[in-house]
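Me: I'm new to this one. Can you walk me through it?

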Amino acid sequence: SASFQPAEHPLHHHDSHSTAPTTHAKLIEWVRAQAALLEPDHIHWCSGTQEENEAMVQDLVQKGVMIPLNEKLRPRSFLTRTDPADVARSEGSTYICSQNKEDAGPTNNWIDPQEMRGQLEKSFRGCMRGRTMYVIPFSMGPIGSPLARIGVQVTDSPFVVVNMRIMTRMGEKVLDVLGDEGEFVPCVHSVGRPLAAGEKDSLWPCNIAERKVVHFPETREIWSFGSGYGGNSLLGKKCLALRIASVMARDEGSLAEHMLILGLTSPAGKKYYVAAAFPSACGKTNLAMLQPTLPGWKVEVVGDDINWMAINRKEGGLYAINPEAGFFGVAPGTSSKTNPNAMRTIEHDTVFTNVALTDQGDVWWEGMTKHHPEGKITNWKGQVWDSTKSDKNMLPLAHPNSRFTVSLEQCPAKDPAWDDPNGVPISAIIFGGRRETTVPLVFETKDWNHGVLVGATVASEKTAAAEGSDLGQLRFDPFAMLPFAGYNMGDYFGHWLSMPERVADPSKLPRIFHVNWFRKDEQGSFMWPGFGDNSRVLKWIVDRLENPEDKSLYKSTPIGYVPKETALDLTGIEDQVKGGVIQKLLEVNNSAYLSEVTKAREYFVQFGRRLPNKLTKELNDLEERLRKN
Ligand SMILES: O=C(O)CSc1cccnc1C(=O)O
Ligand SMILES: [Mn+2]
């Protein structure tokens with residue numbers, strides 16, 4: 001739906017090697033309206049074919065935007081460096097422009113939609129002069145899946161096209177499913193740098209001063225200007241799959257969440273699907289591709305970042321798809337120790353952004369290996385770093401938000417049902433934050449509503465005060481959706497609380513757990529080995545799912561069900577968790593939790609009357625349980 005009155009401007013000629021669809025009148029009309037506003041020199045309808053991709057990649061290589069890596073070490077893979085000012089999602093310039101401010105809620109930036117449309121009109125008018133407008137039809141979710149949603153993005157960045165082809169199902173086959181009158185989410189993106197005739201393009205054009213990522217939830221529109229990077233420009237990811245999709249899910253009675261989805265198989269061959277919501281950079285990708293240290297256990301990945309769950313009327317319960325087709329993962333910290341499956345996935349056909357380049361023509365980042373490789377190494381800014389001089393201001397060699405973009409298809413640990421159009425049945429939902437104090441290794445919530453309270457109070461603490469004293473600065477990140485909820489988060493909590501009334505049999509809803517890998521001891525060291533050993537927690541969760549009546553598995557505490565020490569399989573790590581460590585990891589300190597309750601009450605004040613009474617009741621019940629014991 002065109003949101004501007006396009007000035008009279010003929011639709012530019014299509015370039016020779018791309019053909020506009022002959023039907024799809026609604027789509028053609030929308031593209032025409034964007035072309036009239038953006039005034040591109042050419043229009044290219046993306047087919048999504050391998051040939052088209054190779055031509056675009058070669059063009060970007062020739063321009064120096066994509067640097068080919070060593071073909072032997074990392075075949076068909078590339079490195080791109082961004083403008084140092086355009087390196088991450090820009091939350092400060094991300095807006096939810098609902099008709100009224102309260103529907104955006106206190107956790108979102110809001111500008112009156114008409115005012116914002118005026119600002120966008122000024123930014124976008126003529127911004128694609130001298131450039132090609134690429135039209136990308138894409139499906140979030142397997143093409144044709146009843147759980148999938150279709151978007152169409154216009155963009156003037158061929159680099160975005162190359163990445164969208166990896167991260168989504170994109171091209172002509174999507175148009176076949178869309179049909180003439182099909183609904184699509186309109187996404188308009190520009191780097192915001194029109195080119196004068198003959199002007200040489202920069203390697204990473206962007207317009208940081210005017211950068212904005214805007215959502216109009218009632219009309220499901222996305223407008224992004226001035227950034228070429230990640231979540232700001234691959235509009236299928238955070239913008240569509242979370243901010244717009246969370247609004248659609250609220251209206252449709254389903255869920256669009258910032259969660260990994262993994263398949264877990266026990267040594268007995270029983271298979272469960274588990275979803276988990278951790279804040280950004282808290283280890284979702286590592287858990288989704290976990291290599292269990294417990295013998296006989298297997299984890300396979302369906303997705304590492306986004307989860308669309310819908311009620312399955314036939315089977316009951318919630319079925320989930322990963323709407324994405326690839327990983328856009330954080331490179332630093334990824335290694336054959338922390339995530340061997342990720343390292344195997346990115347051995348070929350991968351696009352790297354803002355990592356370091358070795359003199360072998362391969363990539364490197366902090367944490368990949370203990371020390372950086374010998375010889376010359378070029379940092380993410382393109383500066384050659386000489387290890388003999390160790391010039392500090394050239395560090396870190398890879399940007400902390402540097403990324404790999406790679407197809408899920410090539411992950412050795414992909415779940416057989418990773419692209420099942422019907423989705424997979426979710427047995428458990430796990431919330432987690434980066435908590436150095438107070439929160440035990442794992443606990444199970446008492447019921448769905450208690451689980452929603454735990455989701456709503458997910459938090460991370462940076463610097464933990466000494467145990468027992470006032471908690472370190474708690475940063476709440478409810479459901480890990482703080483930057484991604486497309487509407488008032490008080491209403492969002494209410495939507496979660498409405499799920500038991502929406503299903504025929506609430507007992508088929510997933511059980512809700514909370515984990516914390518990040519407890520530290522008085523010396524500030526991590527108490528739990530984490531990584532593959534997190535499979536021990538997954539095992540306890542399966543034990544709870546399979547034997548809910550078995551009293552030997554848990555102790556009931558005011559915050560929920562916590563494993564009895566003997567119920568965790570610690571075979572092989574006894575030495576690491578002896579001497580009271582496991583007791584500490586499973587301890588529930590009531591006074592510490594009472595201050596959690598106080599901080600949660602303070603946090604919820606901002607939602608005012610939009611905070612559901614049921615949530616306040618859950619918080620009061622928790623406080624009562626903590627006081628009684
Ligand atoms: O989009 C970016 O600029 C990085 S943020 C990101 C990328 C992939 C998956 N998740 C996130 C996130 O911040 O949650
Ligand atoms: Mn994420």
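Reply: Sure, we'll take a strand, then the cavities, then a helix. Keep in mind that this is a predicted model.

Me: Start with β24. Why is it described as largely enclosed by the rest of the structure?

Reply: Strand β24 covers residues 424–432, and 7 of its 9 residues are buried, so the rest of the structure largely encloses it.

Me: Which way does β13 run against β24, parallel or antiparallel?

Reply: Parallel. β13, residues 271–277, is joined to β24 by 5 bridges. A275 has I429 of β24 as its bridge partner.

Me: And how many bridges join β24 to β28?

Reply: There are 5, and these two strands are parallel. β28 spans residues 511–515. There, H514 is the bridge partner of F431.

Me: What about β16 and β24, parallel or antiparallel?

Reply: Antiparallel, over 2 bridges. β16 is residues 318–321. Y319 stands opposite P425 of β24.

Me: New topic. How many cavities of 30 Å³ or more are there?

Reply: The count comes to 6. The largest has a volume of about 250 Å³.

Me: Which residues lie nearest the centre of that largest cavity?

Reply: F443, V454, T457, Y593 and E596, out of 18 lining residues.

Me: Which helix gives the most to that lining?

Reply: α16, with 4 residues. α11 (448–456), α16 (590–604) and α17 (613–628) each supply at least two.

Me: What classes of residue line the largest cavity?

Reply: The lining has 13 nonpolar, 3 polar and 2 charged residues.

Me: OK, and what is the volume of the second largest cavity?

Reply: About 50 Å³. Its lining includes F159, N163, W204, Y229 and F328. Two elements give two or more residues to that lining: α5 (158–167) and α7 (230–233). The largest share, 3 residues, comes from α5.

Me: How many charged residues does the lining of the second largest cavity have?

Reply: None. The lining of the second largest cavity has 6 nonpolar and 5 polar residues.

Me: Last stop, α12. How many of its 9 residues are buried?

Reply: 7 of them, so to speak mostly covered; the helix is residues 489–497.

Me: Which ones are buried in α12?

Reply: M489, G490, Y492, F493, H495, W496 and L497.

Me: What caps the N-terminal end of α12?

Reply: N488 does. A side-chain oxygen of N488 lies 2.7 Å from the backbone nitrogen of G490. G490 is also one of the buried residues of α12.

Definitions and conventions: Residues are numbered from 1 along each chain as its sequence is written. Chains are lettered from A and ligands numbered from 1 in the order in which they are written. This is a predicted model: local features need pLDDT of at least 70, side-chain atom pairs count only at pLDDT 80 or more; totals for chains, interfaces and linings use all residues. Side-chain values use heavy atoms; hydrogens and water are left out. Buried means under 20% relative accessible area, exposed over 50%, partly exposed in between (1.4 Å probe, protein chains only). A polar contact is a pair of N or O atoms within 3.5 Å; within protein, one must be able to donate a hydrogen and the other to accept it, and residues adjacent in sequence count only if both atoms are side-chain atoms. On a 1 Å grid over the protein atoms alone, a cavity is a set of points where a 1.4 Å probe fits but cannot get out, and a pocket is an open set with protein on both sides within 12 Å along at least five of seven lines; lining residues have an atom within 4 Å of a point. Grid points are joined across faces, edges and corners, and a volume is the space filled by probe spheres set on the points. Ala, Val, Leu, Ile, Met, Phe, Trp, Tyr, Cys and Pro count as nonpolar, Asp, Glu, Lys and Arg as charged, and the others, Gly among them, as polar. Two strands pair if DSSP finds at least two bridges between them.
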